[in-house]
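Colleague: I should like to request a close look at a single part of this structure. Please set out the overall picture briefly, and then examine one element and its surroundings in detail.

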Amino acid sequence: MKKPKNKAPKGYKFIKSEHGVEEYRLVSNGLRVLIKELHFAPIVTLNVTYHVGSRNEALGHTGATHFLEHLLFKGTKKYPGKRLTHILEGSGARVNATTWFDRTNYYETMPLEILPKAIDIEADRMRNAAFTEYDKKMEMKVVRNEFESGENNPLEILDKDIWATAYRVHPYQYSTIGLREDVENVSAEKLREFYDKFYWPNNATVTVIGDVRKKEILKMIKDKFGKLPKSKRAIPEMKTKEPKQEGARKTIIKRKGETNIIGIAHKIPEGLHHDTYAIGILSEVLTGGKSSRLHRVLVDKGLASEVSIFNYPFHDESLFITYAYLTPNTSHQAVGRIVLEEYEKIKKDGISEKELAKAKERLKTDRAFMEDGSYATASVINEGLALGDWAFYLNFGKEIARVSKENVRAAAGKYLCDDKSTTGCFIGLTK
């Protein structure tokens with residue numbers, strides 16, 4: 001971390017600099033601004049991250065953040081209807097948005113010359129979204145189709161059930177797309193209320209990565225976003241904490257078909273916890289490639305066609321989930337037992353130096369690809385913002401390099417415990 005050679009431009013407060021990314025705050029409204037100059041091609045990515053996701057929802061309006069993501073493409077008074085995106089797409093921009101548990105983001109990757117228009121559009125829809133009840137009704141068709149697509153996917157169905165079983169009070173128990181009843185019955189008025197709680201400069205971060213000049217872009221952002229006021233009320237905080245789990249949980253889904261899946265989940269700490277890096281190594285040792293432990297004992301032996309681990313750090317306590325697609329005539333119990341046996345081996349004997357080195361190299365390579373270009377860099381910063389530290393993934397390689405075999409063994413012993421587990425089985429019924 002270092003201070004810049006020059007003073008912060010008028011209207012800004014400099015915060016810090018890491019990996020070539022400089023962080024500023026707009027004094028007038030609290031907007032965080034991140035900028036990194038990458039002069040490899042005349043391309044730039046603009047990303048606006050709102051610090052709100054499905055984590056900030058409650059029963060009755062689950063899926064509100066995702067629905068709003070769709071409705072913010074309905075335009076503003078200045079940019080009515082789909083003109084908001086057509087202006088940019090017609091000039092060669094790639095425009096989209098995503099919603100996740102801990103954040104929502106809207107982004108454009110584009111030729112440098114249309115960046116001023118993109119900044120104007122993003123600043124305008126931050127406070128001037130003009131969606132109506134009719135817009136909500138029309139967009140419901142798209143949202144419902146996304147929901148139904150998930151309902152027809154055995155893995156997604158099982159995943160939803162595992163999260164709903166593992167969490168009793170924390171909003172992570174609901175998927176980002178929300179519950180059917182909430183999605184189908186939410187009103188535009190309720191969505192507007194949600195918008196007016198969270199979509200403010202002091203709850204957002206604007207990231208610009210690419211072939212730009214810092215001073216020019218900071219002035220441009222101040223001219224557009226600086227006109228917006230900060231929220232008059234404090235941004236609502238999500239303070240719910242999941243109580244300690246005190247015993248193993250199980251869930252079973254039975255549906256017609258031939259698919260059989262088992263998922264074994266364990267609670268792991270919030271993403272910024274120091275054990276996150278050892279858990280990342282643990283995931284690679286278990287399922288990172290064809291020579292990984294679970295691939296050898298399940299796929300190579302014909303017990304599973306595929307095995308993988310969900311291991312994404314979240315703002316709060318998350319889940320480490322091993323999923324296995326079973327081959328015909330293989331029982332869920334047999335595969336589940338083998339997975340737990342591999343966990344126990346690591347808890348007792350740890351991992352080898354070779355496994356540690358290979359896992360670190362794979363993670364190092366993955367992270368390198370994740371920062372290849374303006375969009376990729378903006379994306380990893382976006383995910384870091386969701387956790388609470390925009391530099392999290394930029395520092396990931398350095399932190400992974402420090403992980404020892406003992407760190408991995410200790411993490412396995414600490415988190416892969418029966419009392420912290422939730423096992424889910426998807427059973428395909430052929431009759």
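Modeller: The protein chain contains 15 helices and twelve strands. The model is a predicted one. With a radius of gyration of 23 Å, close to the 22 Å that the globule rule gives for 431 residues, the chain is as compact as a globular protein of that length. The C-alpha trace spans about 60 × 50 × 40 Å along its principal axes, and 55% of the 431 residues count as buried. Among contacts between residues at least 6 apart in sequence, 77% join residues at least 24 apart. The chain exposes about 20300 Å², of which carbon and sulfur atoms supply 51%.

The part chosen for the close look is helix 8, residues 214-225. At 1.5 Å a residue, its twelve residues should span 16 Å, and the end C-alpha atoms are indeed 16 Å apart, so the expected and modelled spans agree. Its buried residues are Ile217, Leu218, Ile221 and Phe225. Viewed down the helix axis, these buried residues fall within an arc of 100°, and they therefore line one face of helix 8. The face turned away from that buried side carries Lys215, Glu216 and Lys219, which are exposed.

What do the buried residues of helix 8 pack against? Their partners are strand 1 (12-18), strand 2 (21-26), strand 3 (32-37), strand 4 (43-50), helix 3 (115-127) and strand 7 (204-210).

Aromatic pairs complete the picture; a search of the whole structure finds 27 of them. In one of these, the ring centres of Phe73 and Tyr106 are 6.1 Å apart and the planes stand at 45°, so the pair is tilted. Phe73 lies in the loop between helix 1 (64-71) and helix 2 (83-89), while Tyr106 belongs to strand 6 (residues 104-111), so the pair ties together parts that are 33 residues apart in sequence. Phe73 is buried, with a relative accessible area of 19%, just as Tyr106 is buried, at 1%.

For Phe101 and Tyr172, the ring centres are 5.3 Å apart and the planes are at 80°, so this pair is edge-to-face. It links distant parts of the chain, 71 residues apart: Phe101 is in the loop between strand 5 (94-99) and strand 6, and Tyr172 in the loop between helix 5 (154-166) and helix 6 (180-185). Both Phe101 and Tyr172 are buried. These two residues also belong to one aromatic cluster, together with Trp100, Trp163, Tyr167, Phe310, Tyr312 and Phe314.

Key
Residues numbered from 1 in each chain as written. Predicted model: local features only at pLDDT ≥ 70, side-chain atom pairs only at ≥ 80, totals over all residues. Heavy atoms only, no water. Helix = DSSP H or I, 4+ residues; strand = E, 2+ residues; numbered from the N terminus. Expected span 1.5 Å × (residues − 1). Buried < 20%, exposed > 50% of the residue type's maximum accessible area, 1.4 Å probe, protein only. Arc of directions from axis to C-beta. Contact = heavy atoms within 4.5 Å. Rg over C-alpha atoms; globule rule 2.2 N^0.38 Å. Areas by Shrake-Rupley, 256 points an atom, 1.4 Å probe, with all protein chains shown as cover. Phe/Tyr/Trp six-rings, centres within 6.5 Å; stacked < 30°, edge-to-face > 60°.
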